[in-house]
Amino acid sequence: MSTQVEVQGAQEILREAESFVDREIRPFLHDFKQRESIPRETIRAMAERGYLAASWPSEYGGLELNPVDYGRFTELFGKASPAVRSLITVHTSLVGETLLRFGTDKQKADWLPKLSSGEWLSAFGLSEPEIGSDAKNIRTNWREEADAYVLNGSKKWITFGAIADVFVIVAENNGRSTAFWVERDFGGVETRRIEGLMAARETELAEIELTEVRVPKDHVIGRLNDGFEYVVTSALDHGRYSIAWAGLAIAQEALEAMVAYSRKRVQFGQRLNQFQLIRGMIGDATTKIHAARALCLRAGELRANRSPEAVIETTIAKYFASKVAVEVANDALQVHGANGFTDRYPVERLYREAKVLEIIEGSSQMQQEMIAHYGLKKYHKRGGKA
Ligand SMILES: Cc1cc2nc3c(=O)[nH]c(=O)nc-3n(C[C@H](O)[C@H](O)[C@H](O)COP(=O)(O)OP(=O)(O)OC[C@H]3O[C@@H](n4cnc5c(N)ncnc54)[C@H](O)[C@@H]3O)c2cc1C
């Protein structure tokens, strides 16, 4: 399959992506839910249009969207299907953009076209059964042999881990982490799907067992022992940017559902949208979404300008937008009353899907820590009175 996609203008790409979402994703959400997976045909159709590589250079099959347009692109998919948006978050942002930044020319030339064409699906393996937020202390380990690095350990909660062909696996040696490119068929890689999730059931979450996995020496991403400081930090920053827009997407979709329902449903002889308490929820949701959108756009512009402030502004956008998603989805469900409590309306799904955004790519508490660290320095007035 050719990986070269004819690059169009960003506005045209976004228009086409929106119509793709309306045509190929929204009508099939029930089917995705029943089968608890995204059909391969959908992923193939996305790959053919360059949607698995929207932010990458065209030489690797990408659409060259700048960070702001890539954010808008993420929002379009995230409004319709958080699962498909997760594929974009992991495959395009976490894995692809990290490889673009840290991969050697040969790694990029060999691997990115396979990712953009959908020949390979990818996953990012950092979390473990016993280690989540404290990611510097992972236990999956590596040792060096003459012709390979040998990996042993377990990963957990890995999005698309059950079906991925390749994994970025972060492993430690003497307390220093390294990121490895691990192909499923290296031998010693076993994945087990995680059942019973509150949401994200189409995202093929898996536990991964790595037993004496022999990784060729040219499959290290970035430098040996610099995995956490460079590769993981950068990957999570890309992931956070995507999740910020994912939060905005869920909140926007929930607001639209809340508005539509409140204009139709009649109680006490009036439409719900006439009641002050309902209008209060709609007013608050609109305000929060405008604020979240402003933060997402600002983060995108700073990223486009390669500003040193981009990382912290991305963290702030992710923290705020994921909180807004949870709050607005909650209010949207409230406005729907008992109908909102059923799967005949979209708000119960949005309510469940929103919650995970406060846990992944660094929990809200970890974001608050980072933001507080920044705020304590930035807003400390030297010599000021206590
Ligand atoms: C749907 C889903 C998809 C995921 N996909 C991936 C993936 O693709 N790849 C991957 O590597 N991981 C993935 N994860 C894992 C995710 O990154 C972790 O769940 C997350 O980092 C939090 O870790 P934890 O769940 O172990 O919680 P813990 O770290 O055990 O934390 C539990 C609670 O304590 C709080 N807490 C922890 N430490 C502190 C502290 N110092 N101060 C204050 N509060 C603290 C946390 O905020 C949280 O509320 C996924 C998880 C989910 C649910």
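Let me begin with T159, whose side chain has a polar atom 2.8 Å from a nitrogen atom of the ligand, which is a polar contact, meaning a pair of N or O atoms within 3.5 Å. Taken alone, the ligand exposes 970 Å², and the protein buries 60% of that, with accessible areas coming from the Shrake-Rupley method with a 1.4 Å probe.

Please keep in mind that this is a predicted model, in which local features need pLDDT of at least 70 and side-chain atom pairs count only at pLDDT 80 or more, while totals for chains, interfaces and linings use all residues. Residues are numbered from 1 along each chain as its sequence is written, and side-chain values use heavy atoms, leaving out hydrogens and water.

Which other residues place a polar atom by a nitrogen atom of the ligand? S127 does so with a side-chain atom at 2.7 Å, and F124 with a backbone atom at 2.8 Å.

Finally, where does the ligand lie with respect to the domains? Domain 2 (123-223) and domain 3 (228-378), whose bounds come from an automatic or database domain assignment, both give residues to the shell around the ligand, so the ligand lies between them.

Terms used:
Polar contact = N/O pair within 3.5 Å; in protein donor to acceptor, adjacent residues only side chain to side chain.
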